[in-house]
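Good morning, and thank you for making time for this presentation. I should like to take you through one structure, and I ask that you keep it in view as I speak.

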Amino acid sequence: MDLLNTLVDKGLRREVPTREEALAVLATSDDDLLDVVAAAGKVRRHWFGRRVKLNYLVNLKSGLCPEDCSYCSQRLGSQAGILKYTWLKPDQASDAAAAGVAGGAKRVCLVASGRGPTDRDVDRVSETIRTIKEKNEGVEVCACLGLLSDGQAERLRQAGADAYNHNLNTSEATYGEITTTHTYADRVDTVEKAHAAGLSACSGLIAGMGESDEDLIDVVFSLRELDPDSVPVNFLIPVEGTPLAKEWNLTPQRCLRILAMVRFVCPDVEVRIAGGREVHLRTMQPLALHLANSIFLGDYLTTEGQAGKADLEMIADAGFEVEGTDQVTLPEHRAAGGCHDGGGCGSDESGGVCGSASEARVDEPRTDLVAVRRRGAGTDLAPNA
């Protein structure tokens with residue numbers, strides 16, 4: 001296909017495709033899917049080889065959020081039966097992080113529900129960052145605490161944070177349909193604050209919320225303009241008890257096309273498969289490694305992921321290798337430009353568990369693959385790392 005040859009050439013030159021070209025990727029047929037994956041895979045391998053960066057989430061504070069994000073199981077008024085607990089102590093968070101690091105994670109992502117941190121919260125997270133870094137040599141730490149006020153990003157950077165995550169999630173035009181308690185502009189402002197403080201900015205999207213192809217293109221091109229080091233791609237898990245519980249709009253093929261489009265638009269950026277890969281990609285997960293160079297290990301914030309051992313086996317079986325702490329994630333031209341190694345975190349309330357075979361048809365919602373997290377941070381049970 002001339003389109004794919006053009007996109008590969010542009011990706012190798014770090015040239016932005018046109019909106020029409022990006023839309024055409026999403027419109028390709030299933031018959032052309034392997035060609036799309038192969039083309040985007042050339043761009044991925046050019047900038048990142050066969051390395052896969054592993055990231056590990058620690059949910060510092062779960063549930064009871066005052067914001068009304070429709071996709072989130074921790075939202076205001078959520079009826080989802082998730083774990084609810086207040087702030088983990090620094091040692092508890094460090095112990096949780098150690099499990100992920102032992103499983104091969106290079107970066108620990110510290111996430112807390114809420115609109116944004118108070119200054120006291122920043123002090124608390126700063127102590128947690130220092131504790132994790134003291135106990136886990138070489139580990140990178142990303143914070144994801146919501147909207148930042150002036151000076152807070154700088155304080156996190158001084159405490160040793162390497163990155164800050166705040167996702168745009170969807171297009172500016174449709175943002176008000178998803179969330180009403182803050183604005184799209186608020187999110188952009190926080191990403192810019194992280195950038196200005198010298199943190200590696202991480203910002204991504206959630207696919208599957210009923211958005212159009214044009215919405216997906218809008219948010220990815222907006223992310224390209226913000227220039228984050230990492231773009232996490234979440235696939236919505238319609239958790240029971242949330243407004244989007246009935247939004248089952250994704251197929252494995254659709255997910256692969258979305259990841260390929262993101263790779264073409266952001267060729268030299270860490271593209272992370274975040275929440276929802278087990279539920280929506282299912283047995284097609286290994287193909288997605290040809291498009292993305294980063295994943296989360298084990299569980300997510302409030303939902304379960306597949307076992308860390310299965311993640312590692314999948315990476316090895318697909319012919320990829322886990323990126324080590326001594327390897328630089330980003331291409332030299334990005335790292336040399338002042339960006340920190342790697343990128344941030346960013347799994348929103350998406351996540352799933354790899355289940356056994358089901359008799360359900362593949363085009364029916366796989367509600368059996370959604371499992372609320374009952375282990376790890378905030379519990380007495382060992383994490384799934």
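I shall speak about aromatic rings, the charged groups beside them, two buried residues and a pocket. Please bear in mind throughout that this is a predicted model.

Let me begin with the aromatic rings. A pair of aromatic rings is described by the distance of the centres and the angle of the planes. Across the whole structure, the search returns 2 aromatic pairs. One of them joins Y175 and Y184, whose ring centres are 6.0 Å apart and whose planes stand at 70 degrees, an edge-to-face arrangement. Both Y175 and Y184 are buried.

The other pair is formed by F296 and Y300. Why is the pair of F296 and Y300 called edge-to-face? The centres of these two rings are 6.4 Å apart, and their planes meet at 75 degrees; because an angle over 60 degrees counts as edge-to-face, the pair receives that description. F296 has a relative accessible area of 0%, and Y300 has one of 2%. Since buried means under 20%, F296 is buried, and Y300 is buried as well.

F296 also brings us to the charged groups. The charged end of R272 sits over the ring of F296, at 5.0 Å from the ring centre. A second arrangement of this kind involves R50, whose charged end sits over the ring of F320, 5.0 Å from the centre of that ring.

R272 falls within strand 8, which covers residues 270-273. E270 belongs to strand 8 too. Is E270 buried or exposed? Its relative accessibility is 0%, and therefore E270 counts as buried. What does the side chain of E270 contact? It makes a polar contact with the side chain of S294, at 2.6 Å.

I turn now to R263, which is placed in helix 10, residues 252-265. R263 is likewise buried, because its relative accessible area is 0%. In sequence, R263 and A40 are 223 residues apart, yet in space their C-alpha atoms are separated by 6.4 Å.

Finally, the pocket. Rolling a probe the size of a water molecule over the atoms shows where empty space is left. The largest pocket has a volume of about 160 Å³. Its lining consists of L88, Q92, D95, A96, G376, A377, G378, T379, L381 and P383. By character, these lining residues divide into 5 nonpolar, 4 polar and 1 charged.

That concludes my presentation, and I thank you for your attention.

Note on methods:
Residues are numbered from 1 along each chain as its sequence is written. This is a predicted model: local features need pLDDT of at least 70, side-chain atom pairs count only at pLDDT 80 or more; totals for chains, interfaces and linings use all residues. Side-chain values use heavy atoms; hydrogens and water are left out. On a 1 Å grid over the protein atoms alone, a cavity is a set of points where a 1.4 Å probe fits but cannot get out, and a pocket is an open set with protein on both sides within 12 Å along at least five of seven lines; lining residues have an atom within 4 Å of a point. Grid points are joined across faces, edges and corners, and a volume is the space filled by probe spheres set on the points. Ala, Val, Leu, Ile, Met, Phe, Trp, Tyr, Cys and Pro count as nonpolar, Asp, Glu, Lys and Arg as charged, and the others, Gly among them, as polar. Helices (H or I, at least four residues) and strands (E, at least two) are DSSP runs, numbered from the N terminus. Buried means under 20% relative accessible area, exposed over 50%, partly exposed in between (1.4 Å probe, protein chains only). A polar contact is a pair of N or O atoms within 3.5 Å; within protein, one must be able to donate a hydrogen and the other to accept it, and residues adjacent in sequence count only if both atoms are side-chain atoms. Rings of Phe, Tyr and Trp (its six-membered ring) pair if their centres lie within 6.5 Å; planes under 30 degrees apart count as stacked, over 60 as edge-to-face and the rest as tilted. A charge sits over a ring if NZ of Lys or CZ of Arg is within 6 Å of the ring centre and within 35 degrees of the ring normal.
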